[in-house]
Amino acid sequence: MERREPSKAAPIFAALGDPIRLAMVARLCKDSPLRTIELTRGTGVTRQGLIKHLHVLEEAGLVSSDRFGRERQWRMQAEELATLRDYLDQISAQWDLRLERLKAFIEDSA
């Protein structure tokens with residue numbers, strides 16, 4: 001497995017750390033692409049507020065947009081979610097190794 005640097009995953013985790021942005025990502029994963037007005041419905045967030053959240057997600061590489069007239073359509077960029085998964089898999093493998101060592105130590109001590 002390719003070793004991922006935490007600095008590459010940190011901005012993505014930071015962008016997903018907000019509940020509104022996390023909900024937007026979940027919705028785009030399910031229904032992508034969506035227009036800005038469609039993303040605004042049912043959120044309780046103003047259009048301007050939602051656009052600020054979308055720009056944070058865009059800067060992290062999680063979403064992209066295309067302009068159609070005066071409206072933008074947003075879509076997920078699954079590659080960055082794969083980056084997160086790879087990084088979490090890497091951390092999980094490190095913990096599995098540590099737990100195996102701890103188990104062996106305890107069994108040898110008993």
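Is threonine 36 buried or exposed? Select this residue first in the predicted model. Threonine 36 counts as buried, because its relative accessibility is 2% and the cut-off for buried is under 20%. Threonine 36 belongs to helix H3, which covers residues 36-40. Now display its surroundings, setting aside neighbours within four places in sequence: threonine 36 is in contact with Arg47, Leu50, Ile51, Glu71, Arg72 and Trp74. Several stops below return to residues of this group.

**First stop: arginine 47 and glutamate 71**

Select arginine 47 and glutamate 71, both of which are among the contacts of threonine 36. These two residues form a salt bridge, with 3.8 Å between the closest N and O atoms. The pair links distant parts of the chain, as arginine 47 is in helix H4 and glutamate 71 is in strand S3 (residues 71-76), 24 residues apart. Colouring by accessibility separates the partners: arginine 47 is partly exposed at a relative accessible area of 31%, whereas glutamate 71 is buried at 18%.

**Second stop: the sheet**

Keep glutamate 71 selected and add phenylalanine 68, which stands opposite glutamate 71 in S3. Then show the strands as a cartoon. Three strands form an open sheet in the order S1-S3-S2, with antiparallel pairing. The edges are strand S1 (34-35) and strand S2 (63-68), each of which pairs on one side only. Between S2 and S3, which run antiparallel, there are six bridges. With the sheet in view, bring back H4: this helix packs on the sheet and touches S2 and S3, and its direction makes about 125 degrees with that of S2.

**Third stop: the other salt bridges**

How many salt bridges does the structure hold? There are three. As a general point, side chains of opposite charge can pair when their charged atoms come close. Select aspartate 66 and arginine 75 for another of these pairs; their closest N and O atoms are 2.4 Å apart. Aspartate 66 is partly exposed, at a relative accessible area of 34%, and arginine 75 is likewise partly exposed, at 24%. Next, select arginine 35 and glutamate 38, whose side chains meet in a salt bridge with an N to O distance of 3.7 Å. Arginine 35 counts as partly exposed, with 34% relative accessibility.

**Fourth stop: a cis peptide bond**

Move to serine 32 and proline 33, which are joined by a cis peptide bond with omega of about 0 degrees. Proline 33 is found in the loop between H2 and S1.

**Last stop: helices H2 and H4**

Select residues 19-31 for helix H2 and residues 47-59 for helix H4. The axes of the two helices come within 10 Å and cross at roughly 75 degrees. H2 is therefore roughly perpendicular to H4, a description that applies to angles from 65 to 115 degrees.

Which residues meet where H2 and H4 are in contact? From H2, show Ile20, Arg21, Met24 and Val25; from H4, show Leu50, His53, Leu54, Val56 and Leu57. The residues of this contact divide into seven nonpolar, one polar and one charged. Leu50 closes the circuit of the tour: this residue of H4 takes part in the contact with H2 and is also one of the contacts of threonine 36.

Key: Residues numbered from 1 in each chain as written. Predicted model: local features only at pLDDT ≥ 70, side-chain atom pairs only at ≥ 80, totals over all residues. Heavy atoms only, no water. Axes fitted to C-alpha atoms, helices over the stretch in contact; angles between N-to-C directions. Helix = DSSP H or I, 4+ residues; strand = E, 2+ residues; numbered from the N terminus. Parallel < 35°, antiparallel > 145°, perpendicular 65-115°, else oblique. Contact = heavy atoms within 4.5 Å. Nonpolar A, V, L, I, M, F, W, Y, C, P; charged D, E, K, R; others polar. Salt bridge = Lys/Arg side-chain N within 4 Å of Asp/Glu carboxyl O. Buried < 20%, exposed > 50% of the residue type's maximum accessible area, 1.4 Å probe, protein only. Pairing = 2+ DSSP bridges.
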